[in-house]
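Visitor: I would like to learn how to read a protein model, one feature at a time. Could you take me through it slowly?

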Amino acid sequence: MRIRLPRPSVLIPLSALLLRLPANAQTGPDAVVIQGGTHIVLVNVVVKDKHGKPVADLRRDDFVLRDNGQEQNIALFALEEAGGQATPVSSSRDRFTFTNRPPPNVPSVTAFLFDELNTKLADQQLAKKDFIRYLRGLPEDSRVAVFVLGDSLAMLHDFSQDMAALLAAVEKHANRPSPEVDAAAAPPASSNSLTGDQTTTAQWDSFLQSAGQQYVDFTETVRATRTAAALETIAGHLQGIPGRKTLIWISGGFPIQLGLHNSVDGIPQMNATGRSSSRGAGGRGGGGGGTGGGQSNATPRSSGPGLAATEVPGTALSFESDVARAIRALNEADVAVYPVDARGVTVAAAFQADRSSNGSRTKPPKAFNGPDFNYETIDTLAVETGGQSFHHINDLSAAIQDATGDARVSYALAFAPPAGVLDGSYHKLEVAVHRPGVKVRYRPGYVAAPDAAVAPSLAEAIANPVALTGIGFSVHIEPVEGGYKASVTIDPRNITLQPKDGKWTGSLQFLVVVGKVEQLTTIPLNFSDAMFHQIQEKGLVLGARVKAPPGTTGFSLGFRDISSGMVGTLHVPL
């Protein structure tokens, strides 16, 4: 395989603002001027009145934004409204042109994660019926994406305006039994049928339960690491889409307090300002925020979001870093998570029975108010990303409707923290609104680090079946003798350029994979100020020649911004 990288025909206007705000973005008279290479923190805020209706008439001066208690200048401000008319996609699009991003001017972006890894088969089947009922009620031109998590993360259907194809893909998909969940829910092993001696029975029971616990710990380790990795990948896929994104996570729960299922005293307690989740019928675990004062409801630790202990007893294995990394990736991609409990109204663990034979959801005993460990992490993920969790609800389609409509109106606030504070520590965010009686919700903090949360190697990224969009690009190919001529156009806003000696400098890694053959190239970027402005509308164009032996069914391309770690990938079918 040969790759030819001639001098770019069009050069790059990279402002390094990994941020694209709508056309109605506002800047105030005292707004910060954001220079190329500046680190930007984007905070999406949902504001509702006392009746739960969205407030859509606020302006920049109505907001106060604080970072670790210090008021910040709101450099960029935008009102984001969903529900507008989508731009039609031409059906005659060039079949030789491919992109890793959905069409522009999408009024809102909603992705679904159907979680088979953490959900019983019976609950999957009931949830699927409600999910399909919801999809059938959407307009034909709606753009949604559906991911499925089982043995691995798979994209069932990417964004498009073809609802018929989406419904067909969901209906055709066969649900996956979850031995991982079954292992955690299985009753303790007993030797009562082997011996009648009480002492011997107790000894055998202890042995069987100890042996079984190792398998349970293993399956929950699989659940924890695989789920966190899946959320990171989804964040990477949505990262290149501008504006707030909603991820509806249909799941049976995700208990990271391994080994603490029967020990209420072992759960870290939240203080009065800590996270909480509703336990009653129709309960919701809320996101960060408050009333008009806009106080954050998180109590983060210095190392990351305020997460409960996640250590597997006896193994010293913790999943706190996995969950924290997933939360950071979601926040950097401006994705709010809305978990919807696939189990509906459930019986708490101490009273739960297998419901696979009755095909319906049951109510818990009124007298029991014990915690359900499955909610701890999903509520944490909702709070830390500015979303809401929905559980103890029988009508999942209605819950999904509420989740997708929660942020029909939201506000994007952006500020530039000083370079000296980018030390990797966790910063608490506070947003207040100068209007009495309103409720404000937003993510409660961020990790102040100059690099991206998800920074895989290009080889790892290309091996992922889900395309990453941290760097957006399109590819146009033309058949030539022995392969294809490729013209790649890269979105210049996703690449970091730093001023140096009167030039704008940076570097990209470029990887092409054809079958088992791969070639990695480092592309130095060095542009004059005139060229920097010249390509504001055209982007960075690279040419490559890809050698494709007979029988080749496709090849993959990937770019990585060396400075930020942002990655974009795309598979080109032939």
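**Reading a fold from the inside out**

Guide: Let us start with one helix in this predicted model, and with the residues in it that are hidden. In helix 7, the buried residues are Leu396, Ser397, Ala399, Ile400, Ala403, Thr404 and Gly405.

Visitor: Why is helix 7 described as largely enclosed by the rest of the structure?

Guide: The reasoning rests on a count: seven of the ten residues of helix 7, which spans residues 396-405, are buried, so the rest of the structure largely encloses this helix. The elements covering those buried residues include strand 6, helix 1, strand 9, strand 14 and strand 15 (389-390).

Visitor: Which residues of helix 2 are buried, and where do they lie around the helix?

Guide: The buried residues of helix 2 are Met163, Leu166, Leu167, Ala169 and Val170. When one looks down the axis of helix 2, these residues fall within an arc of 160 degrees, so they line one face of the helix. On the other side of helix 2, Ala164 and Lys172 are exposed. The cover over the buried residues of helix 2 includes helix 1, strand 7 (144-149) and strand 8 (153-157).

Visitor: How should I think about a nonpolar core, and which residues of the largest one touch the most other members?

Guide: The general idea is that, in soluble globular proteins, nonpolar side chains tend to be buried together. Here the largest nonpolar core has 33 residues, and those touching the most other members are Leu113, Phe147, Leu153, Leu247 and Leu330. Two or more residues of this core come from each of strand 6 (109-115), strand 7, helix 4 (198-238), strand 9 (245-251), helix 5, strand 14 (335-341) and helix 6 (374-385). Helix 4 supplies the largest share, seven residues. To see what one member meets, take Phe147: leaving aside residues up to four places away in sequence, Phe147 touches several residues, among them Phe112, Leu113, Leu153, Ile234 and Val466. There is also a second, separate core of 31 residues, which includes Ile471, Val475, Val514 and Phe555.

Visitor: Now for charged side chains: how many salt bridges does a search of the whole structure find?

Guide: The search finds 15 salt bridges, and a useful way to read such a pair is to ask where its partners sit along the chain and whether each is hidden. Take first Arg133 and Asp130, whose closest N and O atoms are 3.0 Å apart. Both residues belong to helix 1 (residues 121-136) and lie three residues apart, about one turn of the helix. Arg133 is partly exposed, with a relative accessible area of 44%, whereas Asp130 is buried at 9%.

Visitor: What parts of the chain does the pair of Glu171 and Arg136 link?

Guide: The side chains of Glu171 and Arg136 form a salt bridge with an N to O distance of 2.4 Å. This pair links distant parts of the chain, since Glu171 is in helix 2 (residues 163-172) and Arg136 is in helix 1, 35 residues apart. Glu171 counts as partly exposed at 38% relative accessibility, while Arg136 is exposed, with a relative accessible area of 56%.

Visitor: How far apart along helix 5 are Asp322 and Arg325?

Guide: Asp322 and Arg325 are three residues apart in helix 5 (residues 320-332), so about one helical turn separates them. Their side chains meet in a salt bridge of 3.5 Å, N to O. Asp322 is buried, with a relative accessible area of 15%, and Arg325 is partly exposed at 34%. Elsewhere, salt bridges that share partners join Lys48, Asp406 and Arg441 into one network.

Visitor: What is the nearest side chain of opposite charge to Glu80, and how far away is it?

Guide: It is Arg244, 6.3 Å away, and Glu80 has no salt bridge although it is buried. Because a salt bridge needs the nitrogen and the carboxyl oxygen within 4 Å, that distance does not qualify. Glu80 is found in strand 4 (residues 76-81), and its side chain has a polar contact of 3.2 Å with that of Asn44.

Visitor: How many helices and strands does the chain have?

Guide: The chain has nine helices and 27 strands, and buried residues make up 52% of its 574 residues. Among contacts between residues at least 6 apart in sequence, 75% join residues at least 24 apart.

How values were computed. Residues are numbered from 1 along each chain as its sequence is written. This is a predicted model: local features need pLDDT of at least 70, side-chain atom pairs count only at pLDDT 80 or more; totals for chains, interfaces and linings use all residues. Side-chain values use heavy atoms; hydrogens and water are left out. Helices (H or I, at least four residues) and strands (E, at least two) are DSSP runs, numbered from the N terminus. Buried means under 20% relative accessible area, exposed over 50%, partly exposed in between (1.4 Å probe, protein chains only). Lys and Arg count as positive and Asp and Glu as negative; His and the chain ends are not counted. A polar contact is a pair of N or O atoms within 3.5 Å; within protein, one must be able to donate a hydrogen and the other to accept it, and residues adjacent in sequence count only if both atoms are side-chain atoms. The arc is that of the directions from the helix axis to the C-beta atoms. Contact means heavy atoms within 4.5 Å. A nonpolar core is a set of buried Ala, Val, Leu, Ile, Met, Phe, Trp, Tyr and Cys residues joined through side-chain atoms within 4.5 Å.
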